[in-house]
Amino acid sequence: MTEPQEVTGPDLFAGVPASDLPESGKLVGRVGDEEVLVARIGGALFAVGAHCTHYQGPLGEGLIVGDTVRCPWHHARFCLRTGEALAAPAIDPLKRWSVREADGVIRVETEASTASTRAPEVRGGARRVVIVGGGAAGFAAAEMLRRKGFDGSVTMLSSDFDAPYDRPNCSKDYLAGEAPAEWMPLRAGDWYADNDIDLRLDAEVSALDLAERTVSLKDGQPFGYDALLIATGAEPVRLPIEGFARPDVYVLRTLQDADAIVAAAGRGRRVAVVGASFIGLEVAAALRSRGLEVHVAAPEAVPLARVMGEDIGQWVRGLHEKAGVVFHLGQGVRRWGDAKLTLDDGEIIEADLLVLGVGVRPRTQVAEAAGLKIDRGILVDERLQASAPGVYAAGDVARYPDPHTGAAIRVEHWVHAERQGQHVARTILGDEAPFTDPPFFWSAHQDVSIRYVGHAETFDRPTVDGSLERQDAEVRFLRAGRLDALATVGRDLRSLETGVELER
Ligand SMILES: Cc1cc2nc3c(=O)[nH]c(=O)nc-3n(C[C@H](O)[C@H](O)[C@H](O)COP(=O)(O)OP(=O)(O)OC[C@H]3O[C@@H](n4cnc5c(N)ncnc54)[C@H](O)[C@@H]3O)c2cc1C
């Protein structure tokens, strides 16, 4: 979410020379007080809103692929013909305008109606869809079912206390106090009832009966399904270390967790963070910007090195150090108690609260007890179907075959979870396509964003092109000569282009 920006560019209502827009080109101008993107594809002209409906990213700096435009910030994909948000993280369509070319001038005229979706073909015959989980994947699946016109029942059972919200922001602007609470929900509260989605909160599913095709809540209430999506995500790990079960030790997964950390930070002056991964570092940055003294302790010598390599890790460390974060790296933690974190070498960090960012584990318990195939996640096929008919899994909990490498992978990214949820919705409606989107995530460090596309659990030494210091770089992750992933800083177009290459 960003503030509205100044409207710039040529007046498209008055018209621009047709020669300004070659085939497959795009340009941005204004119509009244709105920025509009005009593109020429296959000789035809299209005019749509110039800002992504997710976080207002500038589509004029994005990538045209076929008849779609992709957002440079978080890779949302829109259809230029209809304005539809084809792929998350955007959900809402772009506005459309009518546009015509005459006498060598392109003019954008009246606003056109938004895309209407086709009536669904429900080949599988599912009438009752139950979604376990109210996070990225669960929400995106429910929304896509209704968007595509599914008129059967949709029930969403979530153990969360809040309706689906922007989880990544829980460690970023929201935690820093720079995003108001009203930015967090993915949809207004009445949207669920208006769309006939039966959203149950504080509703923990404790049993799944594959033969009877029911899931049951802890209180025994059963819900029958024809199609079931398990999107239970992952839960933070709490290390078995003395003092880590105390109430002044926090983890961060939910909005409630973020609120609890904010409240505790408001009562204290110093925070210790255990873990120098994405969550740990984002928490450190957010609490630093709230004015707390922040210490980060972790066993690795270089933050993020396992995932991003040493160059990015060292550079990110420097960004946080410049902001005043103090690192204690290369050693484990022995205990926490009496506002003291004791490290393995005996060093003591005094802090008023402790936040753990030491990884998550997929929430597979219910699926496992029901007899679904599990391997460090719920095993699914290329259509995200689990090992029982009518049962699907998506998001952090699912392990699926990566079409790029052939390996079974589990991915913990917001956009990927949403896209998998959307894919399951389309599969339930009869689409038989495999899931082929390459993983994508972003991470913010002291106002600098890193974008990462692809998936590389292991890699040979990453190669850096450009300068991380100048925030103009790309880091390539290769394995035996094959490009598996690319991280970029300030090179959003390269990230988009690589996403397209990986798709192919
Ligand atoms: C603080 C934070 C910051 C993040 N930042 C980023 C980022 O910058 N970029 C990025 O790509 N990714 C980020 N992620 C990761 C991203 O949020 C996850 O990958 C994504 O939310 C996974 O979606 P999901 O639907 O699989 O699970 P979740 O979004 O976790 O949703 C799981 C849902 O299942 C519910 N549930 C679990 N068990 C049960 C049960 N038994 N019964 C009923 N309901 C149940 C939960 O209550 C929840 O509603 C971040 C994660 C966190 C925690």
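# Exercises on a predicted model

In strand E17, Leu228 is the bridge partner of Val130. The structure is a predicted model, and the exercises below start from this strand.

## Exercise 1. Strand E17 and its sheet

Determine which strands pair with E17, and place E17 in the order of its sheet.

*Solution.*

Step 1. Consider the pairing with strand E11 (residues 128–132). E11 and E17 are joined in the parallel sense over four bridges. Besides the bridge between Val130 and Leu228, Ile131 has Leu229 of E17 as its bridge partner.

Step 2. Consider the pairing with strand E29 (residues 391–393). Here E17 pairs in the parallel sense over three bridges, and Leu229 has Tyr392 of E29 as its bridge partner.

Step 3. Assemble the sheet. Five strands in the order E13-E12-E11-E17-E29 make up an open sheet with parallel pairing. Its edge strands are E13 (197–200) and E29, each of which pairs on one side only. From one strand to the next, the twist averages 15 degrees.

Step 4. Examine the side chains of E17 (residues 227–230). Ala227 and Leu229 point one way, Leu228 and Ile230 point the other way, and all are buried.

## Exercise 2. Helix H1 and its surroundings

Describe how helix H1 lies with respect to the strands and to helix H8.

*Solution.*

Step 1. Relate H1 to the strands. H1 lies across E11, strand E12 (153–157), E13 and E17, and runs at about 170 degrees to E12.

Step 2. Relate H1 to H8. The axes of H1 (residues 136–147) and H8 (residues 414–428) cross at roughly 40 degrees and come within 7 Å. The crossing is right-handed.

Step 3. Identify the residues. On H1, the contact includes Ala137, Ala141 and Met144, and on H8 it includes Ala417, Gln420 and Val424. The residues of this contact divide into twelve nonpolar, four polar and two charged.

Step 4. Turn to the core. The largest nonpolar core has 145 residues, of which Ala141, Ile378 and Ala394 touch the most other members. Leaving aside neighbours within four places in sequence, the contacts of Ala394 include Ala137 and Ala141, Leu229, and Ala417 and Val424.

## Exercise 3. An antiparallel sheet

State why one side of E5 and of E8 has no neighbour in the sheet.

*Solution.*

Step 1. Write the order. Four strands, E5-E6-E7-E8, form an open sheet with antiparallel pairing.

Step 2. Locate the edges. E5 (63–65) and E8 (85–87) stand at the edges with a single partner strand each, so one side of each is left without a neighbour in the sheet. The twist averages 35 degrees from one strand to the next.

Step 3. Inspect one pair. E5 and strand E6 (residues 68–70) run antiparallel and are joined by three bridges; Leu63 has Arg70 of E6 as its bridge partner.

## Exercise 4. Backbone exceptions

Most residues other than glycine have a negative phi, and most peptide bonds are trans. Examine Gln56, Asp103 and the bond from Ala88 to Pro89.

*Solution.*

Step 1. Gln56 is not a glycine, yet its phi is positive, at about 70 degrees. Gln56 lies in the loop between strand E4 (44–49) and E5. It has 17 other C-beta atoms within 10 Å and is therefore partly exposed.

Step 2. Asp103, also not a glycine, has a positive phi of about 55 degrees. Asp103 belongs to the loop between E9 and strand E10 (105–112). Because Asp103 has 7 C-beta neighbours inside 10 Å, it counts as exposed.

Step 3. The peptide bond from Ala88 to Pro89 is cis, with omega near 15 degrees. Pro89 is in the loop between E8 and strand E9 (96–102).

Note on methods
Residues numbered from 1 in each chain as written. Predicted model: local features only at pLDDT ≥ 70, side-chain atom pairs only at ≥ 80, totals over all residues. Core = buried A, V, L, I, M, F, W, Y, C linked by C-beta atoms within 7 Å. Buried ≥ 20, exposed ≤ 12 C-beta atoms within 10 Å, placed from the backbone. Contact = placed C-beta atoms within 7 Å. Axes fitted to C-alpha atoms, helices over the stretch in contact; angles between N-to-C directions. Helix = DSSP H or I, 4+ residues; strand = E, 2+ residues; numbered from the N terminus. Left-handed = near helix turned anticlockwise from the far one by under 90°. Nonpolar A, V, L, I, M, F, W, Y, C, P; charged D, E, K, R; others polar. Pairing = 2+ DSSP bridges.
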